[in-house]
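Thank you for making time this morning. I would like to walk you through one model, starting with a ligand site and then moving on to how some of the helices pack.

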Amino acid sequence: MIHEENGIFPAVCPLDCPDTCSLLLHKENGKIVKVTGNPDHPITQGAICNKVRNMAERVYHPERVLYPLRRIGAKGEGKFERISWDEAIEEISQRYKSLIRDFGPESIMPYSFYGNMGILSVDGMDRRFFNRLGSTVLQQGICNAAGNKGWKYTMGFGGGMSPEEIINAKLIIIWGGNLVSTNMHQIALIEKARKQGAQLVVIDVHRNRTGQRADWFIPLYPGTDAALALGIMHVLFERGLTNEPFMKRYTVGHEQLREHVKEYSPERVSVITGIPAEDIVKLAVLYGETSPAYIHIGNGLQHHDNGGMTVRTISCLPALTGQWLVPGGGAYKTNGGYGKMNAAALERPDLRPNPEAREVSMNQLGEALLTLNPPIRALFVYCSNPAVVAPDTGKVEQGLRRDDLFTVVHDLFMTDTAKFADIVLPATSSFENTDLYSSYWHHYVQLQEPVIPAQGESKSNVELFKLLATAMGFEEDAFNDTEEDMIRQALEFADNPYLDGVTLEKLKAERAVKLNMEPQKRYLDTLPTASGKIELYSTALEAAGLPPLPTYTKLHEGYDGERRPAADASYPLMFISPPNHSFLNSSFSNVEKLTALEKSPLLQIHPQDAAKRGIADGDEVTVWNDRGSYVVKASVTDKMLPGTVISQGLWWEQDGKGRKGRANALTPDRLADMGGGAVFFSTTVDVKRQ
Ligand SMILES: Nc1nc2c(c(=O)[nH]1)N[C@H]1C(S)=C(S)[C@@H](COP(=O)(O)OP(=O)(O)OC[C@H]3O[C@@H](n4cnc5c(=O)[nH]c(N)nc54)[C@H](O)[C@@H]3O)O[C@H]1N2
Ligand SMILES: Nc1nc2c(c(=O)[nH]1)N[C@H]1C(S)=C(S)[C@@H](COP(=O)(O)OP(=O)(O)OC[C@H]3O[C@@H](n4cnc5c(=O)[nH]c(N)nc54)[C@H](O)[C@@H]3O)O[C@H]1N2
Ligand code: SF4
Ligand SMILES: [Mo]
């Protein structure tokens with residue numbers, strides 16, 4: 001494929017998106033000229049989003065970093081000179097060797113996420129390298145950690161209902177997810193179900209694109225979803241809408257739960273959530289009486305102080321009604337568990353000389369860089385853009401400015417983070433590499449082989465970390481493995497029966513290979529919780545010092561009794577900054593076609609909140625709190641309840657377009673109640689006209 005000048009070649013979307021679409025790359029004269037969906041994929045079926053239809057613009061972007069660079073200006077200034085790969089690798093390895101000698105390997109820290117979901121790129125050779133080095137360990141809780149942990153306290157296993165089944169549903173609840181933008185093929189399946197009579201309910205803090213399509217949109221105050229779920233349980237028990245035989249056979253703790261939820265009357269839950277009591281009753285009855293009823297738990301509602309418990313609580317609902325046994329019923333938070341690869345073989349934790357090495361949360365990067373003792377003296381960033389995406393970016397930036405910090409960034413672009421680097425290394429796009437992809441939503445594993453050669457002098461993550469390993473003098477065989485060796489190692493995993501039959505040979509022949517979903521039939525009988533049942537009462541939570549029964553806990557900022565937001569708090573508005581339609585986290589925020597669609601950073605503000613501050617639609621406003629500020633354009637709208645403001649999209653600041661601040665300048669670096677999760681949306685602010 002790589003040597004053919006013209007033709008249409010298979011590919012996989014590498015982005016951190018549940019759909020993991022199968023793509024076709026159209027080549028003319030050796031260049032990709034068009035990206036389309038591959039109609040052969042059973043789930044993604046040839047449809048792709050507008051972002052990736054424009055992927056060629058990103059791959060051949062004039063600002064793509066194509067050569068290694070060394071900083072010559074001040075940190076953050078963006079002045080660099082071109083150097084050779086030999087010089088770059090020599091400089092990095094010499095610095096690392098001297099740091100290890102003087103301060104030990106934990107003075108070095110990787111910082112990575114899933115900018116490319118390729119398993120070899122982000123859970124492969126990179127991990128081997130940092131394990132063998134003995135670096136500080138990065139806790140990767142930025143995305144779904146709190147919610148996934150919460151789900152597991154209830155269900156044990158990181159998987160739920162399969163996408164295909166949803167077409168049977170008669171009631172679909174999308175709870176804290178904006179699937180029209182973030183999971184478009186789930187929406188396609190939901191629309192099929194609607195054609196057969198299904199109702200769509202969306203529960204969110206603002207009427208996002210998905211809410212605009214709903215039969216019933218229910219707005220609520222941020223961080224109060226657990227209270228709503230408990231209110232629903234209250235009504236289900238009170239009205240005899242629970243499935244007693246199911247609860248007896250498949251759950252533990254239903255009697256305690258029945259007593260516990262008595263305190264969550266619709267009237268009390270109404271005060272907490274802002275939803276009228278009669279709507280809470282109506283929703284509970286609809287859920288209790290409609291079958292199959294399916295709940296899609298989005299990622300948005302778990303980016304809160306109480307995010308783990310919120311997901312834990314919502315995930316108990318199908319167990320009260322027995323919807324788990326109904327095809328098309330049940331719930332989904334993630335399906336990542338089904339396609340789990342052999343992490344020990346891929347990442348080789350056995351190579352680590354210091355298994356007790358310290359751990360740092362990626363949600364507290366600024367704090368770690370500024371206060372950790374002994375200090376982090378070298379940071380290696382790849383597949384992530386923390387100066388934009390991490391909480392409290394003011395602190396992150398301050399940390400990155402440290403003169404005594406040696407920072408390397410491997411990326412395709414001069415991101416806001418790369419501008420602070422000492423060395424910037426050019427990364428290949430995923431279409432230039434061999435890699436393995438699984439989805440955290442559908443059940444297909446896919447293979448990517450290079451379709452175009454590496455652009456400029458860019459190198460893949462696998463190549464880069466092999467080079468660094470050699471320069472460091474690491475002699476283990478693990479660093480000689482080819483991509484194909486690693487794919488075989490990843491797939492050979494007796495602990496995961498869902499991978500049975502998925503082989504490199506089959507992937508080469510078929511490109512997308514379905515997991516063996518046979519074991520899913522025994523799902524409820526094989527739950528890996530302590531009791532083997534759905535845990536409505538969790539002794540594991542009790543042992544962790546958290547409430548063993550589903551419980552509503554308040555966010556940490558800005559309360560007035562149970563009601564939020566407090567009218568007289570110093571920062572009376574909740575600030576929610578979820579993804580937008582045209583970017584993928586902060587990726588694409590430098591691609592003109594897509595920024596043109598999003599126009600500029602906006603703040604959606606309720607007419608009541610705007611009037612109080614003399615703000616009119618289109619005004620430039622400053623959003624601020626003690627952590628920082630962000631300048632945006634006001635969009636006055638009643639898409640949310642008063643007291644909540646919304647700014648979608650993670651825009652870069654330093655792109656020369658005069659943007660002032662970033663959404664994450666305002667967000668706290670506290671950790672959620674579970675899993676070390678990020679709490680981006682548990683933020684209070686105020687707003688004023690510029
Ligand atoms: N177009 C696009 N697609 C993406 C991404 C992207 O950036 N752009 N990012 C990808 C990634 S990494 C992820 S994790 C997923 C995330 O995709 P989703 O699961 O859809 O989650 P989010 O978009 O983070 O948030 C969804 C909604 O949660 C709402 N929300 C915030 N707080 C609360 C709350 O307290 N309660 C309720 N009920 N709702 C709340 C927000 O208003 C938002 O509308 O999308 C992936 N897909
Ligand atoms: N306020 C707020 N903040 C958020 C969120 C939110 O909703 N609100 N969402 C959070 C969530 S859910 C997530 S998942 C994180 C995501 O945060 P990140 O994972 O940092 O995502 P991106 O901003 O897309 O940055 C990925 C970077 O990887 C680079 N990259 C792509 N492919 C490769 C490769 O093969 N090799 C290398 N070396 N680099 C590559 C891209 O060019 C890009 O610069 O953001 C979080 N931050
Ligand atoms: S970003 Fe998501 S929807 Fe768009 S092509 Fe990639 S996997 Fe498909
Ligand atoms: Mo994410």
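**The surroundings of ligand 3**

In this model, which I should say at once is a predicted one, ligand 3 is surrounded by C13, L15, C17, D19, T20, C21, I48, C49, K51, V52 and M184. If we sort that shell by class, eight of the residues around ligand 3 are nonpolar, one is polar and two are charged.

T20, which belongs to this shell, deserves a second look, since its phi is positive, at about 35°, although T20 is not a glycine. As for where T20 sits in the chain, it lies in the loop between β1, residues 7–12, and β2, residues 22–28.

On the annotation side, an unreviewed UniProt entry places the feature "domain: 4Fe-4S Mo/W bis-MGD-type" at residues 6–63. Over that stretch, residues 6–63, the chain in our model is 16% helix and 34% strand, and the C-alpha atoms at the two ends are 25 Å apart.

**Three helix pairs**

Let me turn to helix packing, where two packed helices are described by the angle between their axes and the distance between the axes.

The pair I will take up now is α5, residues 125–133, with α20, residues 461–472, and these helices pack at an angle of about 25° with their axes 8 Å apart. Since an angle under 35 degrees counts as roughly parallel, α5 and α20 are therefore roughly parallel to each other, and their crossing is left-handed. On the α5 side the residues involved are M125, D126, F129, F130 and L133, and they meet V462, F465, K466, L468, A469 and M472 in α20. Divided by class, the residues of this contact between α5 and α20 are nine nonpolar, no polar and two charged.

Next comes α9, residues 225–238, with α12, residues 266–273, whose axes come within 9 Å and cross at roughly 165°. That angle makes α9 roughly antiparallel to α12, and α9 passes α12 in a left-handed crossing. A227, L228, G231, H234 and V235 of α9 make the contact together with P266, V269, I272 and T273 of α12. The residues of the contact of α9 with α12 comprise six nonpolar, three polar and no charged ones.

And how does α12 lie against α13, residues 277–289: at what angle do their axes cross? The axes of α12 and α13 come within 8 Å and cross at roughly 110°, which makes α12 roughly perpendicular to α13. Here α12 passes α13 in a right-handed crossing. From α12 the contact draws on P266, E267, V269, S270 and T273, and from α13 on A277, I280 and V281. By class, that contact of α12 with α13 has five nonpolar, two polar and one charged residues. I would point out that P266, V269 and T273 of α12 appear in the contact with α9 and also in the contact with α13.

**Two cis peptide bonds**

Before we open the discussion, there are some backbone details to go through. The peptide bond from S291 to P292 is cis, with omega near -5°, and P292 is found in the loop between α13 and β12, the strand at 293–297. The peptide bond from N373 to P374 is cis too, with omega near 0°, and P374 is found in the loop between α17, residues 365–371, and β15, residues 378–382.

With that, I am happy to go back to any of these sites on the screen.

Methods. Residues numbered from 1 in each chain as written. Chains lettered and ligands numbered in written order. Predicted model: local features only at pLDDT ≥ 70, side-chain atom pairs only at ≥ 80, totals over all residues. Heavy atoms only, no water. Near = heavy atom within 4 Å. Nonpolar A, V, L, I, M, F, W, Y, C, P; charged D, E, K, R; others polar. UniProt positions renumbered as here; feature names shortened; annotations may be inferred. Helix = DSSP H or I, 4+ residues; strand = E, 2+ residues; numbered from the N terminus. Axes fitted to C-alpha atoms, helices over the stretch in contact; angles between N-to-C directions. Parallel < 35°, antiparallel > 145°, perpendicular 65-115°, else oblique. Left-handed = near helix turned anticlockwise from the far one by under 90°. Contact = heavy atoms within 4.5 Å.
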